[in-house]
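Work through the exercises below with the model open. Try each task before reading its solution.

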Amino acid sequence: MTQKFLVLGIGNVLFADEGIGVHLTHYLQQKYRFEGPHRLDFVDGGTLAHALIPMIAQYDQLLVIDTVHSTQGAAGSVYLFDFDQVPHHIDFQGSAHEVEMLQTLNMMEMVGDRPPTHILGVIPEVLEAMSFELSESIQRAVPLMEQAFCDHLTARGFTLTQKANPDIVALARQSCDQETRYEAAV
């Protein structure tokens with residue numbers, strides 16, 4: 001049976017490492033071609049949280065890419081876990097959007113609309129307003145996040161074929177340039 005999988009990048013691209021979920025989502029879409037028995041969609045969720053509920057509810061599986069906080073890790077530490085079994089040392093205190101995303105997922109669970117959810121997270125180093133650069137720790141974490149992502153999808157029947165070699169730093173700058181142009185227009 002064909003299922004619908006959603007890869008949801010979360011983050012504020014105007015706050016340095018906080019935007020890694022969005023940036024990594026764009027990076028993975030550019031780098032790989034995905035084939036398999038299931039439908040796979042990628043969405044830049046930004047900081048929308050609650051507004052994403054109707055869209056998320058349409059999927060059978062959800063992978064959220066975001067920053068996380070851990071009492072046991074350092075900046076750049078990567079975690080992949082089932083949302084129903086969050087490790088005790090992980091929380092979502094890094095920023096306002098993470099709390100909203102946590103609330104969104106919990107609200108969806110209460111009404112039975114949340115699909116099985118996994119979180120691919122990294123501990124940020126820099127959460128600085130109007131900083132468009134990814135820290136060295138996050139840049140070093142990208143290959144680990146990429147491998148965890150690839151392993152996660154492969155285990156679910158997808159085949160990933162590299163089609164390009166994008167630069168995550170350039171993609172982050174491009175996303176931030178687009179965001180600042182949009183804000184200037186509004």
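The exercises go from the sheet to its helices and then to the cores.

This is a predicted model, where local features need pLDDT of at least 70, side-chain atom pairs count only at pLDDT 80 or more, and totals for chains, interfaces and linings use all residues. Residues are numbered from 1 along each chain as its sequence is written, and side-chain values use heavy atoms, leaving out hydrogens and water.

**Exercise 1. The sheet**

Task: Give the strand order of the open sheet and name its edge strands.

Solution.
- Step 1. Strands are DSSP runs of E with at least two residues, and helices are runs of H or I with at least four, both numbered from the N terminus. Two strands pair if DSSP finds at least two bridges between them.
- Step 2. The open sheet has 5 strands in the order β3-β1-β4-β8-β6, and its pairing is mixed.
- Step 3. At the edges lie β3 (39–46) and β6 (78–82), each of which pairs on one side only.
- Step 4. From one strand to the next, the twist averages 15 degrees.

**Exercise 2. Pairing within the sheet**

Task: Trace the parallel pairs from β3 through β1 and β4 to β8.

Solution.
- Step 1. Strand β1 (residues 4–10) runs parallel to β3, joined by 7 bridges. Ile10 stands opposite Gly46 of β3.
- Step 2. β1 also runs parallel to β4, with 5 bridges. Here Leu8 faces Val64 in β4.
- Step 3. β4 pairs with β8 over 6 bridges, again in the parallel sense. Ile65 has Leu120 in β8 as its bridge partner.

**Exercise 3. Burial of β4**

Task: How many residues of β4 are buried, and on which faces?

Solution.
- Step 1. Apply the cut-offs: buried is under 20% relative accessible area, exposed is over 50%, and partly exposed lies in between (1.4 Å probe, protein chains only).
- Step 2. In β4, 7 of its 7 residues are buried.
- Step 3. Split them by side. Gln61, Leu63, Ile65 and Thr67 are on one face, and Leu62, Val64 and Asp66 are on the other. Both faces are covered.

**Exercise 4. A helix on the sheet**

Task: Find the strands that α4 touches, then place His152.

Solution.
- Step 1. Contact means heavy atoms within 4.5 Å. Axes are lines fitted to C-alpha atoms, for helices over the stretch in contact, and angles run from 0 to 180 degrees between N-to-C directions.
- Step 2. Helix α4 (residues 136–154) packs on the sheet and touches β1, β3, β4 (61–67), β6 and β8 (117–122). Its direction makes about 160 degrees with that of β8.
- Step 3. His152 is in α4 and is buried, at 7% relative accessible area.
- Step 4. Leaving aside neighbours within four places in sequence, His152 contacts Leu63, Leu80 and His118. His118 is 34 residues away along the chain, with 9.3 Å between the two C-alpha atoms.

**Exercise 5. The cores**

Task: Which elements supply the largest nonpolar core?

Solution.
- Step 1. A nonpolar core is a set of buried Ala, Val, Leu, Ile, Met, Phe, Trp, Tyr and Cys residues joined through side-chain atoms within 4.5 Å.
- Step 2. The largest has 28 residues, and Ile20, Leu24, Leu28, Ile65, Leu120 and Phe149 have the most contacts inside it.
- Step 3. At least two residues each come from β1, α1, β3, β4, β8, α4 and α5 (168–185). The largest share, 8 residues, is from α4.
- Step 4. A second, separate core has 20 residues, including Tyr59, Val68, Leu105 and Ile119.
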